[in-house]
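Reader: Hi! I'm new to reading structures, and I'd love a close look at how the metal ions are held here. Could you walk me through that part?

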Amino acid sequence: MTWEVVIGLEIHAQLTTKTKIFSGSPIAYGAEPNTQANLLDLGMPGQLPVLNKAVIPKAIKFGLAIGAEIGRRSIFDRKNYFYPDLPKGYQTSQFSFPIVDKGGVVEIEVDGDTKKIGVTRAHLEEDAGKSLHDAFPGQTGIDLNRAGTPLLEIVSEPDMRSAKEAVAYAKKVHELVQYLGICDGNMQEGSFRVDSNVSIHKPGTPFGTRAELKNINSFKFIEQAIEIEIDRQIEILESGGKVVQETRLYDADKNETRSMREKEEANDYRYFPCPDLLPVVVTQADIDAIQAEMPELPDAKRARFVAEFELSDYDATLLASSRAMADYFEAVVALTKQPKISANWVMGELSKSLNQHDLTISESPVTAAQLAGLINRIQDNTISGKMAKQVFDAMWSGEGDADTVIAEKGLKQITDVGAIEAMIDQVLADNAKQVEAYRNGQEKMFGFFVGQVMKASKGQANPAQVNQLLKQKLQ
Amino acid sequence: MHTLSVKEMSEKLQKREITSVDLTQHYLNRISQYDPALNAYVTVTPELALEMAKQADALLDAGKGHALTGIPIAHKDIFCSLGVKTTCGSKMLDNFISPYDAKVVEATRELAMPILGKTNMDEFAMGSSSESSYYGATLNPWDHQAVPGGSSGGAAAVIAAGLAPLATGSDTGGSIRQPASFCGITGIKPTYGTVSRYGMIAYASSFDQGGAMTRSAEEAAWLLQVMAGFDERDSTCLEQEVPDYSQQLGQSVKGLRIGVPAEYFESGLDASVEKVVRDALAAYEALGAELIPVSLPNKDLAVPAYYVLAPAEASSNLSRFDGVRYGYRCENPHDLEDLYHRSRSEGFGAEVKRRIMVGAYVLSAGYYDAYYLKAQKLRRMVRDDFTKAFESCDVIMGPVAPTPAFNIGEKSDDPVSMYLADLYTIPVNLAGLPAMSVPAGFAEGRPVGLHLIGPYHSEAALLNIAHQYQQVTDWHCQMPATYE
Amino acid sequence: MSLEKNQVDAIAQLAGLSVDATESEQLTEKLSNVLGIFQQMQAIDTDGIEPMAHPLDQVQRLREDRVTETNHREAYQSIAPAAENGLYLVPQVID
Ligand SMILES: [Mg+2]
Ligand SMILES: [Zn+2]
């Protein structure tokens with residue numbers, strides 16, 4: 001019998017707030033060390049926490065999005081342990097009564113199959129500071145700017161059976177928190193951190209001992225780390241060894257995991273309700289108000305794009321992959337009423353240029369209105385597709401909207417039937433031999449005539465009209 | 001000047017018959033004279049006091065003073081005070097110059113009440129005798145052989161000895177009322193949440209409550225008025241209007257229903273203390289009050305419940321003292337664990353370490369349900385006893401402590417007997433009720449207080465009930481001869 | 001109710017304290033006495049009684065998400081046992 005892999009993820013999503021979860025200190029990534037660490041964040045004697053209002057609806061939004069029960073009376077507990085980046089000697093977190101309770105489900109798709117991954121809970125907690133090991137020889141420097149940053153810890157059921165499923169789940173949650181506008185999803189800056197609990201066992205037997213892979217900051221590395229951790233565990237068990245419960249670090253350079261601390265059994269966190277904080281009570285009215293503000297979620301949006309705009313599943317998935325992309329696309333469609341052409345432009349020329357310049361869609365130099373203006377000029381035959389590319393490039397370099405560029409570059413398409421006919425007549429007259437060949441059955445010659453007419457018009461003749469008129473003349 | 005009531009001082013200040021500088025200097029002189037022996041202050045702040053006195057005089061000259069402007073005050077060293085050493089009685093904070101003011105200190109600063117200094121206390125408020133301070137024991141002004149009680153023993157002693165007209169205190173398991181009783185002064189611990197805990201160094205957060213320590217109930221009303229009030233920086237602070245306490249000091253106690261809990265007069269209560277308490281009850285009867293037997297059947301469970309819950313909270317609250325960001329750090333730590341273990345072991349005294357360990361134990365895996373959770377359930381039972389008792393009475397009266405002040409060294413090596421001495425005060429903290437100790441006489445030459453316990457938010461009523469008693473008695477006016 | 005010496009050492013470890021041999025012996029006795037007073041709790045029937053974490057039945061008040069704190073690093077680090085270049089320093093932590 002082969003090994004079955006069991007994976008559960010704990011994801012820490014940093015909530016987008018202006019201030020910390022329990023103090024009025026600002027949160028800005030990359031600030032000078034300890035300049036955002038104030039009395040409470042430093043754990044000064046006599047300091048008391050007061051909960052940031054903004055975190056509650058954000059957590060509830062997540063709970064509603066995954067269909068979980070909302071904790072009507074959630075409690076902050078203290079998780080006690082000593083570490084220099086933990087200024088109070090305890091982390092304020094929710095243990096027994098989390099704000100997002102059981103019942104949540106995230107649906108993933110791997111290799112064409114869909115699967116439901118259970119979410120055990122999601123709770124609010126404060127982040128720790130940072131330890132800097134290289135700043136001084138023999139010493140560790142402590143920066144408490146990050147201490148107290150609000151986190152939503154999303155704990156999955158051990159429902160994933162492969163590294164691929166784990167990554168699909170992590171990506172889905174990543175997409176969701178950004179859609180909900182509760183987390184910026186920036187993995188490089190640590191705003192979205194994934195810890196993977198990995199174990200293996202033979203089907204029908206109890207779960208194996210798990211190892212935890214912590215803080216891996218890209219989806220690619222998560223997949224690699226889990227893969228090699230599975231291999232490591234199989235090797236251990238098949239050679240008669242035992243897997244130890246421990247935290248392991250992934251080294252991307254060597255593509256290996258290594259033990260971080262083995263003293264897990266010594267951890268006895270002595271959770272108890274924080275006496276400085278009171279129960280957080282959420283009413284049905286609060287939930288209803290948040291429900292009313294919920295944005296359309298990715299799956300719903302995809303389905304709507306297919307139904308309403310008649311896009312393919314593939315196109316709909318791509319366009320709905322981020323809220324910014326979907327919003328941009330819908331803004332274009334609103335102005336063009338042409339979903340298919342709009343989709344082609346957004347996924348084609350626009351995405352290509354954004355990729356080339358390493359820009360996100362919200363940083364695009366071509367606005368949705370500008371792109372729509374361009375598409376409209378194609379639709380009304382003012383310009384040809386070929387000219388459109390030229391116009392797009394000009395808009396990208398900031399030369400104004402489509403109409404301005406068209407006027408300035410004199411890019412108007414020739415649509416006057418008489419003028420096109422005159423050019424066709426000339427081309428046919430100049431190429432009598434070819435006309436004869438065509439009429440004798442060499443239909444391939446048609447393209448040659450089109451090319452000659454377009455050349456004669458300096459590319460400005462409407463290609464559709466050229467085609468149509470040529471066909472008439474050659475009959 | 002130190003024999004004047006605060007009301008008299010205030011009148012003279014307002015009329016500019018005396019200056020705050022003179023008054024403050026008078027107290028500073030008395031402190032230099034008496035405190036070296038008494039050891040009631042950890043830190044005296046003469047420059048700060050005189051500078052604030054000048055500010056007060058300027059305000060008073062301009063007619064902009066509050067009734068307490070210019071009246072000096074001593075703060076328990078548990079309250080963080082900007083720019084002033086704030087030690088909580090511990091070596092751990094011997095070098096801690098607070099970078100901010102506690103709400104209580106801020107409030108008295110705003111009124112330009114000169115800060116005379118910081119009063120001595122049991123280390124981190126863990127004690128009932130003020131012997132466990134890193135700065136040595138405070139003596140009882142009435143009898144230097146005796147402890148002043150604790151943990152607000154320094155505050156009680158400065159009021160009794162006339163080394164400050166007003167003092168702040170804090171009460172987690174009796175720390176205002178028991179020293180008030182032992183030192184013959186008036187002390188009030190209000191309903192939990194009445195006084196902001198912002199800047200009050202935490203011992204056991206769900207019990208800690210600041211309060212006033214003064215000669216009389218009238219003075220307590222004045223001081224509590226300044227200390228109480230909503231503070232958005234403390235999540236457990238009550239969001240409600242503070243009544244005008246002194247406005248209600250004229251009510252008659254005729255018809256007042258005084259609940260007398262049988263369990264507070266059982267064996268263990270010293271006969272001499274019982275006599276003082278019974279006499280005080282008789283005085284109330286003479287004023288027209290009615291004595292009603294009530295029952296607090298779970299009283300004996302309060303002490304064990306408290307000594308599970310308070311150390312549990314304390315073990316976590318005191319984790320922040322790790323030698324990293326402020327406070328004591330051991331010499332040459334060779335690694336991180338050494339830094340933690342030695343800084344904490346050298347920085348904390350024996351009783352603090354004991355309570356931290358008890359707390360860690362009762363929260364640890366396998367014991368949480370049997371100890372911590374069980375104690376929380378008992379806490380509710382004790383609270384429900386009070387709720388039931390207050391159905392038939394307006395106030396509960398009894399002893400504050402089973403004995404008068406005990407001798408220095410008598411219990412300092414026996415934690416359990418020290419803990420049991422708090423059996424009348426602790427139930428009140430479990431419930432979070434307001435309570436007072438009011439001077440009611442002497443036993444064996446040492447003062448004895450009467451314990452007044454009221455329903456939630458009954459501070460105004462309690463102060464009036466105490467004040468009515470002080471209108472017909474003069475225990476609160478007496479001073480130990482040495483300090484007259 | 002009495003504790004074993006090794007239990008006391010384990011609790012000390014959890015509590016971030018070190019106790020030497022003599023201290024440990026004294027503590028074992030004193031802590032055992034303290035735990036002794038907890039024994040009477042066990043006999044009490046508390047079935048159906050809600051644990052009480054706070055004296056008053058209040059709910060958490062919420063703070064506006066508004067910056068109220070400004071940088072005072074120099075002042076706060078002036079009371080630190082060891083701080084340099086804006087960082088608090090501790091002996092090297094090896095993960
Ligand atoms: Mg976790
Ligand atoms: Zn977490």
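Author: Happy to; here is a walk around the two metal ions, one after the other.

A word on the ground rules: this is a predicted model, in which local features need pLDDT of at least 70, side-chain atom pairs count only at pLDDT 80 or more, and totals for chains, interfaces and linings use all residues. Residues are numbered from 1 along each chain as its sequence is written, chains are lettered from A and ligands numbered from 1 in the order in which they are written, and side-chain values use heavy atoms, with hydrogens and water left out.

Let's start with the zinc ion (ligand 2). H12(A) offers its NE2 atom, while E125(A) and E153(A) each offer OE, at 1.9 to 2.1 Å from the zinc ion. These count as donors, meaning N, O and S atoms within 2.8 Å of the metal (3.2 Å for Na, K and Ca); water is not among the atoms, so sites may look incomplete. Along the chain, the donors of the zinc ion are spaced as H-x112-E-x27-E. Distant parts of the chain are linked by the pair E125(A) and E153(A): E125(A) sits in strand β7 (residues 113-126) of chain A and E153(A) in strand β10 (residues 150-156) of chain A, 28 residues apart. Strands here are DSSP runs (E, at least two residues), numbered from the N terminus.

Next comes the magnesium ion (ligand 1). Its protein donors are E10(A) and E153(A), both through OE, and they lie 2.6 to 2.8 Å from the magnesium ion. E10(A) belongs to strand β1 (residues 4-14) of chain A and E153(A) to strand β10 of chain A, so this pair ties together parts that are 143 residues apart in sequence.

You may have spotted that E153(A) keeps coming back. The magnesium ion and the zinc ion are 4.0 Å apart, and E153(A) coordinates both.

How well is this residue covered? E153(A) counts as buried because its relative accessibility is 9%; buried means under 20% relative accessible area, exposed over 50%, and partly exposed in between (1.4 Å probe, protein chains only). E125(A) is buried too, like E153(A).

To find your way around on screen, begin at E153(A), which coordinates both ions. From there, look for H12(A) and E125(A) at the zinc ion, then for E10(A) at the magnesium ion.

Definitions and conventions. Helices (H or I, at least four residues) and strands (E, at least two) are DSSP runs, numbered from the N terminus.
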